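Ready for some practice in reading a protein structure? Have a look at the sequence and the 3D view, then try each exercise before you read its solution.

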Amino acid sequence: MLIGELSRRTGVRTHQLRYYESQGLLQPHRGRHSGYREYTDEAVLTVHQIRRLLEAGLSTDDIAYLLPCVTGPAPEMAPCQEIVDTLRARLATLDDRLNTLASSRESLAAYISTTEQRLAQPA
């Protein structure tokens with residue numbers, strides 16, 4: 001199938017599919033006569049897996065590393081300590097970002113509260 005058909009079947013825009021290809025996540029074949037990207041039916045599953053992994057907060061580098069060990073549409077990972085280590089490292093990064101955001105939110109809320117209190121005071 002051509003890239004337009006893959007896009008229709010997955011709901012993923014063609015420029016995103018080209019990006020996945022540039023990141024090594026998709027490997028289309030080039031048509032012998034046309035030179036167009038040609039994808040197998042298996043690419044539909046691969047795109048769904050990529051999308052789910054991106055939704056989990058994984059980077060395309062993480063996905064490129066994990067994708068050979070991924071099966072099914074859920075997707076599921078092969079039981080392997082290296083995969084667990086990679087996923088735990090990504091989770092730790094997300095936890096750090098969440099903690100930083102929570103701290104920033106608290107600071108911002110305090111600024112708002114203090115400023116509102118000062119606005120309410122008579123001049």
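Below are four exercises on this predicted model, each with a worked solution.

**Exercise 1. A helix and its length**

Work out what span the 40 residues of α5 should have at 1.5 Å a residue, and check it against the end C-alpha atoms.

*Solution.* Start by finding the helix: α5 covers residues 81-120. Next, remember that the expected span is 1.5 Å times one less than the number of residues. For the 40 residues of α5 this gives 58 Å. Finally, compare: the end C-alpha atoms of α5 are 58 Å apart, which agrees with the expected span.

**Exercise 2. Two sides of the helix story**

Find which residues of α5 are buried, and what they pack against.

*Solution.* Buried means under 20% relative accessible area. In α5, Ile 83, Thr 86 and Arg 90 are buried. The partners of the buried α5 residues are α4 (60-66) and β4 (76-77).

Now turn to Ile 112, which also lies in α5. Its relative accessibility is 43%, so Ile 112 counts as partly exposed. Together with Leu 108 and Tyr 111, Ile 112 forms a nonpolar surface patch with about 350 Å² of accessible area.

**Exercise 3. Salt bridges that link separate parts**

For the salt bridges Arg 37 with Glu 21 and Asp 62 with Arg 90, say which elements each pair ties together.

*Solution.* Searching the whole structure gives five salt bridges, and these pairs are among them.

- Step one: in the Arg 37 and Glu 21 pair, the closest N and O atoms are 2.5 Å apart. Arg 37 belongs to strand β2 (residues 37-38) and Glu 21 to helix α2 (residues 14-22), so this bridge ties together parts 16 residues apart in sequence. Glu 21 has 21% relative accessibility, so Glu 21 counts as partly exposed.
- Step two: Asp 62 and Arg 90 meet at 3.7 Å, N to O. Asp 62 sits in helix α4 and Arg 90 in helix α5, so the pair connects parts 28 residues apart in sequence. Both Asp 62 and Arg 90 are buried.

**Exercise 4. A salt bridge inside one helix**

Explain why Glu 55 and Arg 52, three residues apart in helix α3, are placed to meet.

*Solution.* Glu 55 and Arg 52 both belong to α3 (residues 42-55), about one turn of the helix apart. An α-helix has 3.6 residues a turn, so residues three or four places apart point the same way. The side chains of Glu 55 and Arg 52 form a salt bridge at 4.0 Å, N to O. As for accessibility, Glu 55 is exposed at 63%, while Arg 52 is partly exposed at 43%.

Conventions: Residues numbered from 1 in each chain as written. Predicted model: local features only at pLDDT ≥ 70, side-chain atom pairs only at ≥ 80, totals over all residues. Heavy atoms only, no water. Patch = residues over 30% accessible without salt bridge, like charges linked within 9 Å, V, L, I, M, F, W, Y side chains within 5 Å. Areas by Shrake-Rupley, 256 points an atom, 1.4 Å probe, with all protein chains shown as cover. Helix = DSSP H or I, 4+ residues; strand = E, 2+ residues; numbered from the N terminus. Buried < 20%, exposed > 50% of the residue type's maximum accessible area, 1.4 Å probe, protein only. Contact = heavy atoms within 4.5 Å.
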